[in-house]
Amino acid sequence: MNDDPISFEQVEALGISRQAYDEVLDIVGHIPSIDQLSTLLAMWQASGTDKSLYGWLRGQQHAVERDEYLYSSQAPGVPEPRIKECLDIARQICRDIAVLPHPDPMPTGTLLYMVGNISGELAGSEYARKCLHLVDSAMATGGHDEDCAYIEMILQALHSSMMVKQHVAVAAGGIFMASLASTAPHGFDILVPREVRLDAFLFGEEAGRYIAAIDEASDDAFLLKLGEARLNCCFLGRVTKGRIVVDGYDFGPTRRFLPPQEQVPWPSA
C-alpha cells in the first residue's frame with residue numbers, strides 16, 4: 001500500500017481541480033495518500049460520474065465541521081468514537097467473535113462493495129451491548145427477511161456467472177467482521193460514508209447488507225446489474241496484502257484480528 005502523501009501538482013496531473021483537492025482535505029483531515037485519493041475517485045466513479053468530482057463530494061453530506069454525522073436514535077448522547085478508538089473496539093469484538101482465514105481468499109486489489117442500504121443502527125449489536133453497555137431490546141429483523149432473500153438471490157446469480165467472486169452477509173460484528181471474513185488472511189482498506197456514525201457503520205448489525213468482492217474488470221457490469229435489480233450499493237475499498245486500513249488509519253496486520261493459527265500462510269505486511 002502506498003501511504004506517501006501527494007502534492008497538489010501530482011493531484012493536478014490526475015485532472016483534479018484545486019477546489020476539489022481542497023474539499024478532499026476537508027474530508028480526510030490531512031493531505032491524502034495516493035491510495036486514499038484513489039479510493040475516493042473510485043467511489044465517485046461508482047456513483048456514475050454524472051457530476052464533477054467536486055460536485056459529487058459537495059453532495060455527499062460531508063459536513064464542513066468534521067465528525068458531524070447523523071446520530072442513531074438508538075444511542076442518543078453517546079459520543080461518537082474517533083478512528084483510533086474504533087481500533088480498540090475492533091480488537092475487543094474480535095476477541096469475542098472468532099474469524100478464521102478464508103480457504104479461498106480474494107487476491108490483493110479485489111474491489112469490495114456493501115450491497116444494501118447504509119444503516120446507522122446500533123441496537124442489538126455486540127458493540128452496543130459490550131462496548132456501550134446499552135440494554136435496548138434486540139433489533140427486530142423479521143422485516144428484513146424478504147429483502148435478505150432477494151439480495152441473496154441476486155448475489156448468488158452474479159456469483160454463479162463469476163461476476164461476484166464472493167459475498168458475505170453482515171451479521172455479528174457488523175461490516176468490520178464481514179469484511180474480515182471476506183478477506184482474511186489478507187486484509188482490507190475501506191472508507192466509511194460520512195452520512196452515518198463511524199461506529200454504527202463499522203459495527204452495527206442490521207440485516208439486509210452484504211459484502212461483495214468483485215474483480216475490477218467486472219465493476220461496470222456489476223453496477224449495471226445492481227441497478228437493474230434496483231439494489232443500492234456502496235463502494236467500500238479493496239483487498240490489501242495483510243493489513244487493515246479504515247478511513248486511512250492503519251489498524252495493523254490482519255493476523256492480530258484472527259485467532260492464533262498454526263501453518264497459516266500469512267502474506268507479508
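Mentor: Two strands pair if DSSP finds at least two bridges between them. The model discussed here is predicted.

Trainee: In which sense do β3 and β6 run, and how many bridges join them?

Mentor: Strand β3 covers residues 187-190. One contact along this pairing is that of Phe188, whose bridge partner in β6 is Ile244. The two strands run parallel, and the number of bridges joining them is 3.

Trainee: Which residue of β7 stands opposite Ile244?

Mentor: Strand β6 (residues 243-246) also pairs with strand β7 (residues 249-253), in the antiparallel sense and over 4 bridges. Within β7, the residue opposite Ile244 is Gly252.

Trainee: Which residue in the turn between β6 and β7 has a positive phi?

Mentor: β6 and β7 form a hairpin, with 2 residues between them. One residue in this turn has a positive phi of about 50°, namely Asp247.

Trainee: What are the edge strands of the sheet?

Mentor: The sheet is open, has 7 strands with mixed pairing, and follows the order β2-β4-β1-β5-β3-β6-β7. An edge strand here pairs on one side only, which holds for β2 (166-169) and β7.

Trainee: By how many degrees are neighbouring strands of this sheet turned against each other on average?

Mentor: The sheet in question is the open one of 7 strands. With direction ignored, its neighbouring strands are turned against each other by an average of 25°.

Trainee: At what angle to β1 does helix α10 run?

Mentor: Helix α10 consists of residues 219-228 and lies across β1 (111-115), β4 (210-214) and β5 (233-240). Relative to β1, helix α10 runs at about 5°.

Trainee: How many residues apart in sequence are the parts tied together by Tyr127 and Phe203?

Mentor: The structure holds 9 aromatic pairs. Among them is the tilted pair of Tyr127 and Phe203, with 5.5 Å from centre to centre and 40° between the planes. Tyr127 lies in helix α6 (residues 126-130) and Phe203 in helix α9 (residues 198-203), so the pair ties together parts whose separation in sequence is 76 residues.

Trainee: Is Phe203 buried or exposed?

Mentor: Buried means under 20% relative accessible area. Tyr127 meets this limit at 2% relative accessibility. Phe203 has a relative accessible area of 1%, and therefore counts as buried.

Trainee: How many of the 10 residues of helix α8 are buried?

Mentor: Helix α8 spans residues 174-183 and is largely enclosed by the rest of the structure. Its buried residues include Gly174, Phe176, Leu180 and Thr183. Phe176 also belongs to a cluster linked by ring pairs, together with Tyr127, Phe188, Phe203, Tyr249, Phe251 and Phe257. Of the 10 residues of α8, the number buried is 9.

How values were computed: Residues are numbered from 1 along each chain as its sequence is written. This is a predicted model: local features need pLDDT of at least 70, side-chain atom pairs count only at pLDDT 80 or more; totals for chains, interfaces and linings use all residues. Side-chain values use heavy atoms; hydrogens and water are left out. Axes are lines fitted to C-alpha atoms, for helices over the stretch in contact, and angles run from 0 to 180 degrees between N-to-C directions. Contact means heavy atoms within 4.5 Å. Rings of Phe, Tyr and Trp (its six-membered ring) pair if their centres lie within 6.5 Å; planes under 30 degrees apart count as stacked, over 60 as edge-to-face and the rest as tilted. Buried means under 20% relative accessible area, exposed over 50%, partly exposed in between (1.4 Å probe, protein chains only).
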